[in-house]
Amino acid sequence: MPHRFEQVTPRVFWLTPESTTDRPVLGVVVGDEGLLVVDAGNSPAHAHALFAAMAAAGLPPVRYLVITHWHWDHWFGISAFDAPVIAHTATRRILAAQATWDWGDAALDARVAQGVEIAFCRDMIKAELPDRQHLRLRAPDIAFTGAMEIDLGGVTCRLIHVGGDHAADSIVVHVPEARVAFLSDCRYEDLYVTPRRYTAGKLFPLLDCLLELDVEHYFGGHEAAPIPRTELATEAAQLRLVGETVARLGADRAAVLAALAQKSGQPLDEDTLAFADAFLAGL
């Protein structure tokens, strides 16, 4: 599905994701004194698609760029931005190292063989960026730990480190005045293991943190529609139920599924089955 650039509130916009080459959600927050973009996109072309949409909407130039975590699809567009780049200290450390790597086909294939990279990301990198000869990467300029607040004039962005299974350096961008939060990928599973996994120790505190925010709509990193607060609360309750059931019954998948089916009183849906397998993988 092609990108859509949509206005969420008078000061918040977003560019929807595109799954063909794993382009994630990009967020835009507009203040009286500057504009902040959430994530750089997975290539300069992705970033320029955002710039074109912003220009068509009459928005000002970018003042700050925030990178939410270290995965390639959220920062490979960084060279297109002429603005200070902000990230968590762990993110900056990882990106500084990756900026020196060889991103040619042979090197990518070797990292997959070594278990440093996964085949899905390699394939998406090759699809989005067939020619990486001129790919230019750089480390963020500004790093923080814990949380950071940016006053854009009339609107504030709170950058909050939440971690999680997907990436330990994950942050979210909370816009209190708009009651919006850009979550990026923080609530997704750990992709760098097979099978993908969740752990209660990382996921449950993250979900608590997200629901403590005064937010009406959340934006996931690869979801094509905003997530209402009620929907996230329902998802969090289901994840907690599944995770607690796995913790109580252990690695016996049949017993876990039977207990969940008894609790729900109906056949288990695909999400519950996937959650169960992810928590079982995390034991």
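**A look around the predicted fold**

Leaving out residues up to four places away in sequence, Ser43 touches Arg23, Phe76, Gly77, Glu128 and Leu129. The model here is a predicted one, and Ser43 makes a handy way in. This serine sits in a loop, with strand E4 (34-38) on one side and helix H1 (44-56) on the other. Loop or not, Ser43 is buried: its relative accessible area is just 1%, and the cut-off for buried is under 20%.

Stepping back, the protein as a whole has 8 helices and 13 strands. Its radius of gyration is 19 Å, close to the 19 Å that the globule rule gives for 283 residues, so the protein is as compact as a globular protein of that length. Boxed up along the principal axes, the C-alpha atoms take roughly 55 × 45 × 35 Å. Of the 283 residues, 51% count as buried. The chain also brings together stretches that are well separated in sequence: take the contacts between residues at least 6 apart, and 60% of them join residues at least 24 apart.

As for the outside, the accessible surface adds up to about 12,300 Å², and carbon and sulfur atoms account for 53% of that. On the charge side, the protein carries 23 positive and 37 negative charges, and the mean positions of these two sets are 3 Å apart.

Next comes a sheet. Six strands make up an open sheet with mixed pairing, running in the order E8-E9-E10-E11-E12-E13. Strand E8 (147-151) and strand E13 (227-228) stand at its edges with a single partner strand each, so one side of each has no neighbour in the sheet. Further in, strand E11 (residues 180-184) pairs with strand E12 (residues 217-220) in the parallel sense, over 4 bridges. Zooming in on Ser184, its bridge partner in E12 is Gly220.

The last stop is Val256, which belongs to helix H7 (residues 253-264). Val256 is buried, with a relative accessible area of 0%. What surrounds it? Setting aside neighbours within four places in sequence, Val256 is in contact with Thr245, Val246, Leu249, Gly250, Ala276 and Leu280. Ala87 is another matter: 169 residues separate Val256 from Ala87 in sequence, and their C-alpha atoms are 39 Å apart in space.

Definitions and conventions: Residues numbered from 1 in each chain as written. Predicted model: local features only at pLDDT ≥ 70, side-chain atom pairs only at ≥ 80, totals over all residues. Heavy atoms only, no water. Helix = DSSP H or I, 4+ residues; strand = E, 2+ residues; numbered from the N terminus. Rg over C-alpha atoms; globule rule 2.2 N^0.38 Å. Buried < 20%, exposed > 50% of the residue type's maximum accessible area, 1.4 Å probe, protein only. Contact = heavy atoms within 4.5 Å. Areas by Shrake-Rupley, 256 points an atom, 1.4 Å probe, with all protein chains shown as cover. Lys, Arg positive; Asp, Glu negative; His and termini not counted. Charge placed at Lys NZ, Arg CZ, Asp CG, Glu CD. Pairing = 2+ DSSP bridges.
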